[in-house]
Amino acid sequence: MHSEKIKYKEVNSKNTDFVGALTKNKDQAYIFVNKDIDNIGRKHFTIAHELGHYFLLHNLHNNLGFCKNNDIVEEEYQENTIEREANYFASCFLMPEEKVKSAFLIILENRSRKKIKDFLLVKNDYTFGIWLLIRDELTKRYGVSEAALRYRLQYLKLARFEFEK
């Protein structure tokens, strides 16, 4: 954010639906994130989402809007095109395709008792244990939430989830 001269600030908000915002006045852009977001992965995703708005040139003409909880979704389908693009940007920014694929496949190869080549179908069987190992390592490595990781792995066609939470 420094090279783009974007200022970042965590703020207290009485609006419980406020997650983050990108604003710009003259030549200065600001990203504000709700200080009360307690999941660090969610906070990282929110920051990356707002950076997505900046780099994709969304809403820079309008300083009145902010992103709500249901705008920044890490795994569900987002109907609003602008928010969907910012979510996709955040996912790619935090978890670059080649790095995630490589890390996923290495963990899969090293942790799996049975031969699993390049795709994990997670069910309520031994694959769930493999998923937990992958989840723990990759959420820590990339500083993301489980929801964001699941979304990215499904998008990259590396995993599909068919288990009850």
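The paragraphs below go through the fold of this predicted model, from its overall layout to its helix contacts, its nonpolar cores and two loop residues.

The protein chain contains five helices and six strands, and, read from the N terminus, its elements follow the order β-β-β-α-β-α-α-β-α-α-β. Of its 165 residues, 43% count as buried, while the chain as a whole exposes about 10,000 Å², of which carbon and sulfur atoms supply 49%. Among the contacts between residues at least 6 apart in sequence, 59% join residues that are at least 24 apart.

Helix H5, which spans residues 146-155, is a useful place to begin. Its buried residues are Ala-147, Ala-148, Leu-149, Arg-150, Arg-152 and Leu-153, and the elements that cover the buried residues of H5 include H1, H2, H3, H4 and E6. Two of these neighbours, H4 and H2, can be described through the geometry of their packing, since two packed helices are described by the angle between their axes and the distance between the axes.

The axis of H4 (residues 126-142) comes within 10 Å of the axis of H5, and the two cross at roughly 110 degrees. Because angles of 65 to 115 degrees count as roughly perpendicular, H4 is roughly perpendicular to H5. On the H4 side the contact is made by Trp-131, Ile-134, Arg-135, Leu-138 and Thr-139, and on the H5 side by Glu-146, Leu-149, Arg-150 and Leu-153. Sorted by class, this contact has five nonpolar, one polar and three charged residues.

The axes of H2 and H5 likewise come within 10 Å, here crossing at roughly 90 degrees, and H2 and H5 are therefore roughly perpendicular to each other. Tyr-88, Ser-91 and Cys-92 of H2 meet Tyr-151, Arg-152 and Tyr-155 of H5, and the classes in this contact of H2 with H5 are four nonpolar, one polar and one charged.

Which residues have the most contacts inside the largest nonpolar core? In this core of 25 residues, they are Met-95, Phe-104, Leu-120, Trp-131, Ile-134, Leu-138 and Leu-153. Helix H1 (40-55), helix H2 (81-94), helix H3 (97-111), strand E5 (120-122), H4, H5 and strand E6 (159-161) each supply at least two residues of the core. Trp-131, Ile-134, Leu-138 and Leu-153 also appear in the contact of H4 with H5. For Met-95, leaving aside neighbours within four places in sequence, the contacts are with Val-100, Tyr-142, Val-144, Ala-148, Leu-149 and Arg-152. Apart from the largest core lies another, of eleven residues, among them Leu-22, Ala-29, Leu-51 and Tyr-54.

Two loop residues deserve a look at their backbone, given that most residues other than glycine have a negative phi. Leu-57, in the loop between H1 and strand E4 (67-68), has a phi near 60 degrees, a positive value in a residue other than glycine. With a relative accessibility of 65%, Leu-57 counts as exposed, because the cut-off for that class is over 50%. Lys-157, which follows H5 and sits in the loop between H5 and E6, also has a positive phi near 60 degrees, and at 64% relative accessibility Lys-157 counts as exposed.

Key: Residues are numbered from 1 along each chain as its sequence is written. This is a predicted model: local features need pLDDT of at least 70, side-chain atom pairs count only at pLDDT 80 or more; totals for chains, interfaces and linings use all residues. Side-chain values use heavy atoms; hydrogens and water are left out. Axes are lines fitted to C-alpha atoms, for helices over the stretch in contact, and angles run from 0 to 180 degrees between N-to-C directions. Helices (H or I, at least four residues) and strands (E, at least two) are DSSP runs, numbered from the N terminus. Angles under 35 degrees count as roughly parallel, over 145 as roughly antiparallel, 65 to 115 as roughly perpendicular and the rest as oblique. Contact means heavy atoms within 4.5 Å. Ala, Val, Leu, Ile, Met, Phe, Trp, Tyr, Cys and Pro count as nonpolar, Asp, Glu, Lys and Arg as charged, and the others, Gly among them, as polar. A nonpolar core is a set of buried Ala, Val, Leu, Ile, Met, Phe, Trp, Tyr and Cys residues joined through side-chain atoms within 4.5 Å. Buried means under 20% relative accessible area, exposed over 50%, partly exposed in between (1.4 Å probe, protein chains only). Accessible areas come from the Shrake-Rupley method with a 1.4 Å probe; for residues, only the protein chains shown count as cover.
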